[in-house]
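Welcome! Take a moment to look over the sequence and the 3D view, and then read on for a short tour.

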Amino acid sequence: MDYLQTKQSTSLSGTVTISGAKNASLPLIAMSILAKNRVTITNLPKVADIKTLLQLLTNLGAECVFIDDGVTIDTSTINKTTATYDIVRTMRASILILGPILSRFGHCEVSLPGGCAIGQRPVDLHLKALEQMGATIEIKAGYIQAKAPQGLKGANIIFDKITVTGTANVVMAAALANGVTTITNAAREPEVVQLCEVLAKSGVKIEGIGTAILTITGTNKELLNIEPFEIIPDRIEAGTYLCAGAITNSTITLKKVEPEHLHAVTSKLEEMGFSFSSTKDTLTIHPAKEILPVRIVTQEYPAFPTDMQAQFLALATQANGVSIIEERLFENRFMHVSELQRMGADITLNGHIATVKGKTQLSGTDVMATDLRASSALVLAALVANGTTNIHRIYHLDRGYVELEKKLETLGVDIQRLKE
Ligand code: UD1
């Protein structure tokens, strides 16, 4: 197993290029199941989660060919409809094939995703919506078995909670359904918006893109002709590098970003004393005179993203004063707290609220990554910790960050990937 050895690196500079968004790529890869043509996707981040989903499509019989900056996918050869346990257990987002496979083939089986490090994460809302669209769903031997032999039909879906992959799944199912589907309380994340925009360009009528009410007119099983498209920049990767600039109080520039998608993150950094300048597709963070404490509540887009909570928690250890960070989306998303405490952070956890007292001089030690974003918080903490920090179990990081250590190296970080 690999681990990352990071030496204290308190002064960063330079430019880092942001990759395509993992969470946009996953539904867009699943969407290729709705195509009649070979789909070309560029600016694809070749991280472990993307390779896992492409492996799943390959297992189903699709042909996926890596090209320079992306992949081409031919789903006309699909001859299986089951996402097996060995794949789903490594990546919950495998559930994204349920909507498109069911709507195209009339049945689909997906190993039921279990809980995960950050909480229970049920998929009940996905299943309830597909039932409303006419599917029969049974859970047998740990598998979701969905059937809709006559095809899916349009329905009026009201999500009790906003769900990102749930919205994506239903949008894809609705694209080939018979009739009109309305989704109320739909996710408005930029990744969902891109999925809708690509579908709309491919001939699916979708109204309300980017709002909480989506209306989708299905093609009644007519497959789509999907033109080549480029994945949007990864706002969470970008936010993580902004935190690297912030925690070291340095000036760094991000290239290939969409500042509008980062608004909740940059406005919190501004509250903490940092400033920004930008050009068409670059964003530069400038140091703060004094790093100020912050109050954060994670919520659905356009509010502050839960996927940036861990990184801001690490950053708050370097603010002068008391920061309060409240996690509203996942019940157990504070696994990084105990690791940061081992590095010397003064954090008190009370249910889903973390109180961080700063500024603390952190100390390098051996720490363990527990989930994707928790891992990046440990890397950030390592930048300002005395001495050397060894971050173990970085396969979590490899799920979602393209060449993290190489990108950090270009900013002047002393970091190495080593074997245990
Ligand atoms: C997606 C993102 C993940 C991000 C999360 C929240 C991808 C691949 N992953 O995850 O990085 O942290 O959004 O922004 O895009 N819920 C239910 N029942 C359901 C579905 C969800 O109760 O059927 C709950 C979840 O447990 C959670 C909340 O709804 O508390 C939001 O989850 P959801 O938006 O579905 O997260 P994901 O789509 O899994």
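How far does a polar side-chain atom of Thr165 lie from an oxygen atom of the ligand? The separation is 2.6 Å. Please keep in mind as you read that this is a predicted model.

**Around the ligand**

Thr165 belongs to a group of 18 residues around the ligand. Those that come nearest are Asp124, Thr163, Thr165, Asp307 and Leu329. Leu329 reaches an oxygen atom of the ligand through a backbone N or O atom, at 2.6 Å. Asn23, by contrast, offers a polar side-chain atom, which lies 3.1 Å from an oxygen atom of the ligand.

**Two helix pairs**

Two packed helices are described by the angle between their axes and the distance between the axes. Here are those values for two pairs in this model:

| Helix pair | Residues | Angle | Axis distance |
|---|---|---|---|
| H1 and H2 | 22-31 and 48-60 | about 5° | 10 Å |
| H6 and H7 | 164-175 and 190-201 | about 10° | 10 Å |

Let's begin with H1 and H2. Their axes pack at an angle of about 5°, and angles under 35 degrees count as roughly parallel, so H1 and H2 are roughly parallel to each other. On the H1 side, Lys22, Ser25, Leu26, Ile29 and Ala30 take part, and they meet Asp49, Ile50, Leu53, Leu54 and Leu57 of H2. Sorted by class, this contact of H1 with H2 has 7 nonpolar, 1 polar and 2 charged residues.

H6 and H7 pack at about 10°, and therefore this pair is roughly parallel to each other too. H6 contributes Val164, Thr167, Ala168, Val171, Met172 and Ala175 to the contact, while H7 brings Val192, Leu195, Cys196 and Leu199. In the contact of H6 with H7 there are 9 nonpolar residues and 1 polar residue, with no charged ones.

**Two open sheets**

Now for the strands. One open sheet holds 4 strands in the order S10-S11-S13-S12, and its pairing is mixed. Strand S10 (156-158) and strand S12 (205-207) each have a single partner strand, so one side of each is left without a neighbour in the sheet. On average, neighbouring strands here are turned by 15° against each other, direction ignored. Within this sheet, S10 pairs with strand S11 (residues 180-184) in the parallel sense over 3 bridges, and Ile158 stands opposite Thr184 in S11.

Another open sheet, also of 4 strands with mixed pairing, follows the order S22-S23-S1-S24. Its edges are strand S22 (366-368) and strand S24 (415-419), each of which pairs on one side only. Neighbouring strands in this sheet are turned by 25° against each other on average, direction ignored. S22 and strand S23 (residues 388-392) run parallel and are joined by 3 bridges. If you would like a pair to find in the view, look for Asp366, whose bridge partner in S23 is Asn390.

**A hairpin to finish**

In which sense do strand S20 and strand S21 pair, parallel or antiparallel? S20 (residues 346-350) and S21 (residues 353-358) pair in the antiparallel sense, over 5 bridges. Thr348 has Thr355 as its bridge partner in S21. The hairpin has 2 residues between the strands, and Gly351 takes a positive phi near 65° there.

Conventions. Residues are numbered from 1 along each chain as its sequence is written. This is a predicted model: local features need pLDDT of at least 70, side-chain atom pairs count only at pLDDT 80 or more; totals for chains, interfaces and linings use all residues. Side-chain values use heavy atoms; hydrogens and water are left out. Axes are lines fitted to C-alpha atoms, for helices over the stretch in contact, and angles run from 0 to 180 degrees between N-to-C directions. Angles under 35 degrees count as roughly parallel, over 145 as roughly antiparallel, 65 to 115 as roughly perpendicular and the rest as oblique. Contact means heavy atoms within 4.5 Å. Ala, Val, Leu, Ile, Met, Phe, Trp, Tyr, Cys and Pro count as nonpolar, Asp, Glu, Lys and Arg as charged, and the others, Gly among them, as polar. Two strands pair if DSSP finds at least two bridges between them. A residue is near a molecule or strand if one of its heavy atoms lies within 4 Å of it. A polar contact is a pair of N or O atoms within 3.5 Å; within protein, one must be able to donate a hydrogen and the other to accept it, and residues adjacent in sequence count only if both atoms are side-chain atoms.
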